[in-house]
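Please look through the sequence and the model below before reading on. The report that follows takes up charged side chains, a sheet and a few selected residues in turn.

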Amino acid sequence: MIRSRARWATAGLAVTALAGLSACSAGGTPAASTETEGEAAGPVTIEVWGWNAETGEQIVDAFNEAQDDVEVKYVLQASNVATQTNFQNAMEAGSDVPCLVQGFAPLTTMVVNGWAQDITEQVEGSADLYNEGALAAAQVDGRYYGLPSGSDGQFYIVNQKPFEKYDVEVPTTWDEFVDAGRELKPHGVDITNLAGEDPSSLMNLAQQAGAEWFAIDGDQWVVNFTDDGTLAAADIFQQLIDEDLVSNQTYMDKPALLKYFDSGKMASVTTQWWSLGGYQIGFTDSAGDWAAHPIPQFADAAAPVTPGRTLPSFVPVGCEEPAAVMAYTDWLTTPEAVEAGRNAETGAVGFPTQIQDPSPYVEEVIPKDFFTDEKAAGEEIVAAQEQVIGKFELGPNYDAWFPELQDQWGKAVAGKITLAEAMTAVEEFVASDLESKGISYTVAE
């Protein structure tokens with residue numbers, strides 16, 4: 001059964017079709033010369049907003065020093081929340097609109113609100129610099145409204161001691177993951193941790209299973225929180241919950257969480273490269289016991305895929321220099337840019353997850369004396385980036401439905417409802433919210 005509604009809109013903003021979304025976005029013009037007759041050309045100047053207080057300005061300074069065609073001014077924002085507030089104020093005023101804004105919400109929100117312009121022409125000209133996940137993350141309905149942005153691919157780390165001590169094989173599929181939990185539980189070891197306030201584990205597994213919670217069909221959204229991929233992911237977690245194979249340590253108390261992870265009572269966790277520094281600091285007893293492996297796959301997967309999402313930066317409507325923005329974004333893929341982002345205090349560099357081959361930089365993000373095999377860990381991190389999905393549409397009302405997902409997930413983790421019931425409730429909430437906002441949708445059942 002398909003339920004339909006007639007309008008496509010956002011609160012305070014009506015759009016009649018997806019084509020209208022594109023139409024409302026100024027296409028921009030190539031980076032234009034400031035040269036007039038008898039005068040020398042000067043650089044195009046663009047303003048970039050972000051909240052990278054550690055290295056944002058030094059990266060921009062290095063770019064400005066490296067070439068003469070584009071001058072970037074970095075405007076430091078207090079936070080992602082402050083960025084959103086300041087940006088909305090600028091758009092409403094119609095003045096002082098920047099040319100590049102660090103992503104602070106799902107890209108669809110930027111498009112539906114008429115904030116992000118279509119930069120397909122600019123991105124396609126540089127597509128060979130970026131990996132498939134980064135390109136996928138920058139698209140809405142096949143058009144580029146965001147800059148290619150690295151989705152941090154997940155990999156799997158295990159504490160080798162309990163696996164070896166109790167002769168348990170490291171799982172390669174999610175069914176084997178559940179079986180490993182069953183083998184470890186009698187020895188007082190949980191296979192992993194599911195925090196009751198954090199449904200990201202379910203989102204990741206649903207994405208990996210091919211779920212599509214939101215899709216675009218002509219002039220309306222297609223909503224489906226109970227598709228086969230979601231239910232396959234929910235079934236894995238339901239078994240873990242029903243059989244008490246996981247812990248439920250909260251992320252709200254980070255020291256206590258890391259102490260538990262370090263205790264040897266938790267066997268494994270899926271993670272991303274940027275978490276490793278915190279693990280190195282927090283895992284004082286188990287350092288050197290951890291090994292990196294590919295994230296488990298669904299048994300019927302056609303090819304290995306890795307979950308990963310991001311909030312891409314975007315070029316706002318009103319910016320007339322998208323080509324200049326693209327020139328700056330492309331430069332960020334270079335070795336010079338990566339080095340320019342080195343933190344003067346810690347010596348760390350950011351891992352360039354958006355590029356085709358980040359392997360030359362992976363050694364920089366491997367914590368010393370943490371893994372049983374640092375070279376193998378680096379290979380798994382790089383492989384995760386090669387396989388990252390990048391795309392997982394979050395719809396036009398993410399801010400409304402995500403708290404509902406948190407609430408329903410918490411009830412399911414506590415055993416009050418099943419995950420299948422939770423996802424049905426979230427789907428009903430989404431439909432009701434879209435209805436109240438006059439947004440055109442169908443719900444697939």
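## Salt bridges

The count of salt bridges comes to 13, where a salt bridge is a side-chain nitrogen of Lys or Arg within 4 Å of a carboxyl oxygen of Asp or Glu. The model is a predicted one, in which local features need pLDDT of at least 70 and side-chain atom pairs count only at pLDDT 80 or more, while totals for chains, interfaces and linings use all residues. Residues are numbered from 1 along each chain as its sequence is written, and side-chain values use heavy atoms, with hydrogens and water left out. As background, side chains of opposite charge can pair when their charged atoms come close.

The table gives three of these pairs with their N to O distances.

| Pair | Distance, N to O |
|---|---|
| Lys185 and Asp244 | 3.9 Å |
| Glu339 and Arg342 | 2.9 Å |
| Glu379 and Lys375 | 2.7 Å |

What does the salt bridge between Lys185 and Asp244 tie together? Lys185 lies in the loop between α8 and β10 (192-193), and Asp244 lies in the loop between α10 and β13, so the pair ties together parts that are 59 residues apart in sequence. The helices named here are DSSP runs of H or I with at least four residues, and the strands are runs of E with at least two, numbered from the N terminus.

How far these residues are covered can be described with three words: buried means under 20% relative accessible area, exposed means over 50%, and partly exposed lies in between (1.4 Å probe, protein chains only). Lys185 is partly exposed, with a relative accessibility of 26%, and its partner Asp244 is also partly exposed, at 46%. In the second pair, Glu339 is partly exposed at 44%, and Arg342 is partly exposed at 24%.

The third pair sits within one helix, for Glu379 and Lys375 are four residues apart in helix α15 and are therefore separated by about one helical turn. Glu379 is partly exposed at 45% relative accessibility, whereas Lys375 is exposed, with a relative accessible area of 61%. Elsewhere, salt bridges that share partners join Asp179, Arg182 and Glu243 into one network.

## A negative patch

Asp167, Glu169, Asp175, Glu176, Glu183 and Asp235 form a negative surface patch. A patch of this kind is made of residues with over 30% relative accessible area and no salt bridge, and like charges are joined within 9 Å. In this scheme Asp and Glu count as negative and Lys and Arg as positive, while His and the chain ends are not counted. The place of a charge is taken as NZ of Lys, CZ of Arg, CG of Asp or CD of Glu, and accessible areas come from the Shrake-Rupley method with a 1.4 Å probe.

Which helix gives the most to the negative patch? Helix α8, residues 174-184, does so with three residues. Asp235, by contrast, is found in helix α10, which covers residues 228-242, and Asp235 is partly exposed, with a relative accessible area of 42%.

Is Gly181, which also lies in helix α8, buried or exposed? Gly181 is buried, with a relative accessible area of 0%. The C-alpha atoms of Gly181 and Val97, which are 84 residues apart along the chain, are separated by 52 Å.

## A sheet of three strands

An open sheet of three strands has the order β5-β4-β6, and its pairing is parallel. The edge strands are β5 (70-76) and β6 (100-101), each of which pairs on one side only. Two strands are said to pair if DSSP finds at least two bridges between them.

Strand β4 (residues 44-50) is joined to β6 by two bridges, and β4 is joined to β5 by seven bridges. Among the facing residues, Val44 stands opposite Val70 in β5, and Trp49 stands opposite Val101 in β6. Strand β4 is mostly covered, since five of its seven residues are buried.

## Two residues with positive phi

Asp244, already met as the partner of Lys185 in a salt bridge, has a phi near 55°, a positive value in a residue other than glycine. Asp369 is not a glycine either, and its phi is positive at about 60°. Asp369 is placed in the loop between α14 (335-340) and α15 (374-387), where Asp369 counts as exposed at 61% relative accessibility.

Key: Patches are made of residues with over 30% relative accessible area and no salt bridge: like charges are joined within 9 Å, nonpolar side chains (Val, Leu, Ile, Met, Phe, Trp, Tyr) within 5 Å.
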